[in-house]
Amino acid sequence: MSNLIEQATQRLAQLRRAGVDMPEPAPKPAPAPAAAREPARGVEPSVPPAPPKVRTATSRRVELDMDALAAVGIVTPNAPRSQIADQYRVIKRPLIGNAMGKGATAIENGNLIMVTSSVPGEGKSFTAINLAISIAAELDNTVMLVDADVARPSVLRVLGLPPGPGLLDLLQDETADLSTMLLKTNIDTLSILPSGTPHDRATEMLASDAMTRLVEDMGKRYPDRIIVFDSPPLLLTTEARVLATHMGQIVMVIHAEKTLRSDVEDALHAIEQCPVKLLLLNQVRTNAGGGYGYGYKYGYGYGYGDKAV
Ligand SMILES: Nc1ncnc2c1ncn2[C@@H]1O[C@H](COP(=O)(O)OP(=O)(O)OP(=O)(O)O)[C@@H](O)[C@H]1O
Ligand SMILES: [Mg+2]
């Protein structure tokens, strides 16, 4: 384990150096508009972020505003080549391979991918959304993005979509049909399952038998679909760890400059049983954009266990 962290630290140093030697002109950092930034956990935003233009049809089809998404750092299909898009291309490759059984060994439930972290605010939602869109942009893949961070959902808000029913409603009423809760999007290969109607015991519901049945049902009904779960942090609730037991692959996002090594170790320990774990060093600063401290952020896939990126 300590080896892993050391390797990650070395990788971080390499990335920093790489930042100086970037062959391409550095893209201008695009700081998220203040309105689009996440409020701290537990703090209600005083002014709700202005949602990008949205059309919601009765068929529960929604229109993602690509320009608004690009403005908050989400990589959209057809966007010009960018460094962050390249990073996600690298990260998604092994995930897709494992999901589609293209690796040396078939991964059970490889199409179920949980994006998590040790503590809040490390970039789970940003990563889950970017990965889902990036994977969906390849015509061969169909993706369902599930907002399973039910206590602090943010997928709809980041995407500029109004709240609606979803996961929590399915868990409360098992007769409800998953397909009626799914939002189809203007990226044909991407659908979204929102977190649903807020509930006092939302987090506990992630560890319920109903959730186990739902995840199994998803796996059976949509075997060809890659299902990306934005999830609660592992060290905050035990339920996130229960959710992890259903997953074939876990992407653990690590805030490169903030997360304590001991927290990363504890979180990795909590997901030991998952066949594939990828560590993603997020928000690595480089000085490629100018002087020191004027870096932009990007993530980088990092292998762990028997699966190297
Ligand atoms: N690689 C990145 N590049 C640019 N901005 C990023 C990156 N990763 C995260 N962010 C920004 O950092 C903030 C926190 O990220 P995000 O909301 O994804 O974290 P989280 O782990 O989902 O947090 P929470 O635990 O509260 O759900 C967001 O404003 C997000 O847009
Ligand atoms: Mg989040």
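**Helix H4 and the strands around S6**

At 1.5 Å a residue, helix H4, which comprises the 13 residues 124-136, should span 18 Å, and the 18 Å separating its end C-alpha atoms agrees with that expectation. The model is a predicted one, and the burial of this helix was assessed from the same coordinates. With 20 or more other C-beta atoms within 10 Å taken as the criterion for a buried residue, 13 of the 13 residues of H4 are buried, so the helix is largely enclosed by the rest of the structure.

Strand S6, formed by residues 225-230, pairs with strand S2 as well as with strand S3. Strand S2 (residues 112-117) runs parallel to S6 and is joined to it by four bridges, one of which places Val115 opposite its partner Asp230 in S6. Strand S3 (residues 142-147) is likewise parallel to S6, the two being paired over six bridges; among the residues involved, Thr142 has Arg225 of S6 as its bridge partner, and Met144 stands opposite Ile227 of S6. Five of the six residues of S6 are buried, and this strand is therefore largely enclosed by the rest of the structure.

Strand S3 also pairs with strand S5 (residues 190-193), again in the parallel sense, over four bridges. Met144 takes part in this pairing too, with Ser191 as its bridge partner in S5, so that Met144 has a partner in S5 and another in S6. As for burial, five of the six residues of S3 are buried, and S3 is therefore largely enclosed by the rest of the structure.

Key. Residues numbered from 1 in each chain as written. Chains lettered and ligands numbered in written order. Predicted model: local features only at pLDDT ≥ 70, side-chain atom pairs only at ≥ 80, totals over all residues. Expected span 1.5 Å × (residues − 1). Buried ≥ 20, exposed ≤ 12 C-beta atoms within 10 Å, placed from the backbone. Pairing = 2+ DSSP bridges.
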